[in-house]
Amino acid sequence: MRQEALLGFGALLGVANGKCDPATIQAALPKGASVNFAYPLAANATFEVPKSSTGYPTNAVNLPALCAVSVQVQSISNSTFGFGLFLPDDWNQRFLATGNGGFGGGINYVDMGAGARYGFATISTDTGHNSSTGDGSWAYQHPELVENWGHLAMHGSVVVAKAVTAAYYAQNVSYSYYSGCSTGGRQGLKEAEFYPEDFDGIVAGAPAWWTSHMQPWTARVALYNLPTTANYHIPAALFATINTEVIRQCDPQDGLVDSIISDPEGCNFRPETLLCGANANATANDTSCVTGPQLDTLYNIFSDYLAENNTLIFPTYWLGSEGQPALLTGANLPNPLGTDYIKYFLGKGPQWNYNDYNDDIVKLSDSINPGKATVGFDLSAFHNRGGKILSYHGMVDPLIPTSSTPYYYNHVQRHLAPKSIDIDSFFKFFLVPGMGHCSSTPAKMNAPWYFAGPNQQSALDQRVYSVPGFEDEDHDVILAMMAWVEKGRVPKYVVGTKYVNDTLHTDVLRQRPLCMYPEQAKYKGNGDVNGAGSWECESLY
């Protein structure tokens, strides 16, 4: 099935010419790079992740026959970064880099495995350190490590891995692609900005592009709901009640009541309907209604973060995301993706107390711009080279507010329009109703969330290839990107799929087109509501 799908793009499958051993790989490496290991794996084998890997400890399973490689590369100030590389025996003559998450240091072998099943020579970088995704302590007083994480490690890994790939197969790659979500989405956009020659096509999901503002916001938004002893605190169970009311009020906007909110910005939500009455147990621990102080908290959470002069610091959540509050607003402490950034990336130190947060943190963050991680709006070089970007964002993302992606897209358009560059000619993005952060959907929504995006194949089943039963460019975002880059077939939508049982992924519960911004899917008014053909993309304007 994989070969048949790729052959539709005119692929000629390559064959390994080099030996899969350390000496062969080392011979292909530039000065300052050294091989850690290189060995062959048979078809259907499992790659055992080294026990020292903290960020991505999960083994990659059901692999095609390939050569598994690990390389270490010298970087700035005596630092290094590493990358993993899967070189499949049955090569599609293409290259794919996969992204990382949060502050994580480690090689994402699971996403590499997904890429290898397409036939890509696939890499992942460890970003120059070893840590879990929520641990930023490694960054303290180590700007060289932050610079690796911000952009150097990805670019350097891509350059060296392409050289190894070309030597191993005795031919250059025909096309280069990138696929990442969250921090991985940011990495992809950063590549387009800083290193436009690295990729022909970039898939960037839920991009954490505004690092200098988003990480401080992550701490601040939690403080709206802390301490847990305050009369304005909303407990996690009450968020579920609020979410039920949000769905009740906002679900009908797309023309069909199905528990999926497709147009949160078009919903005039009135949380006052949840206010406790005179006969209610109107305490901060009641989970059936909200008090006046809790209502204020809810308004704060759903308000953009503004500076004193009313300029935007960071956009906030869309309605529907409150059903999954624990990551940022429903826990007993702020998420370390906010506090660790302030402590270690901004140099406040491990003793810094989150109760001391103030807006000067954002000014400090802007002045330092750790690792140059924040992505700018000038993507003209990537456009001029002919590159393509497909981005997307889940509309109930509880970690990175969905609104940050249209904000970025619209500001790229502002920057490029005066240069007579049509953003729609090379950069498209779509929103995914009912999808959380990068993958999955809340049980009460059962939204069509799966389209083989980064991190998604492992979330569905680590053994799968593409979209089971629908291995084509209409349903698979990677194949859609390839069709755009290689055949000029411009994607108008990508069909999202929800299986009855995602683990088994055999019977389909529902499918729906995920339309390119500024369009959204509208029910035609007749036909099977769970069939993609009963929906059409309509412009919002």
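Arg186 lies over the face of Trp149, 4.7 Å from the centre of the ring. A second contact of this kind involves Lys162, whose charged end sits over the ring of Phe95 at 5.8 Å from its centre. The model is predicted. It holds 40 aromatic pairs, and two of them are described below, after the charged residues.

**Charges over rings**
- The ring of Trp149 has Arg186 over its face.
- The ring of Phe95 has the charged end of Lys162 over it.

**The pair Tyr392 and Phe430**
- Among the 40 aromatic pairs, Tyr392 and Phe430 form a stacked one, with 5.4 Å from centre to centre and 20° between the planes.
- This pair links distant parts of the chain, since Tyr392 belongs to strand 14 (residues 388–394) and Phe430 to strand 15 (residues 427–432), 38 residues apart.
- Both Tyr392 and Phe430 are buried.

**The pair Tyr409 and Tyr517**
- Tyr409 and Tyr517 form an edge-to-face aromatic pair, with centres 5.7 Å apart and an angle of 75° between the planes.
- Distant parts of the chain are linked here too: Tyr409 is in helix 12 (residues 404–416), while Tyr517 is in the loop between strand 17 (508–515) and strand 18 (519–523), 108 residues apart.
- Tyr409 has a relative accessible area of 4%, which is under 20%, so Tyr409 counts as buried.
- Tyr517 has a relative accessible area of 18%, also under 20%, and is therefore buried as well.

Key:
Residues numbered from 1 in each chain as written. Predicted model: local features only at pLDDT ≥ 70, side-chain atom pairs only at ≥ 80, totals over all residues. Heavy atoms only, no water. Phe/Tyr/Trp six-rings, centres within 6.5 Å; stacked < 30°, edge-to-face > 60°. Helix = DSSP H or I, 4+ residues; strand = E, 2+ residues; numbered from the N terminus. Buried < 20%, exposed > 50% of the residue type's maximum accessible area, 1.4 Å probe, protein only. Lys NZ or Arg CZ within 6 Å of the ring centre and 35° of its normal.
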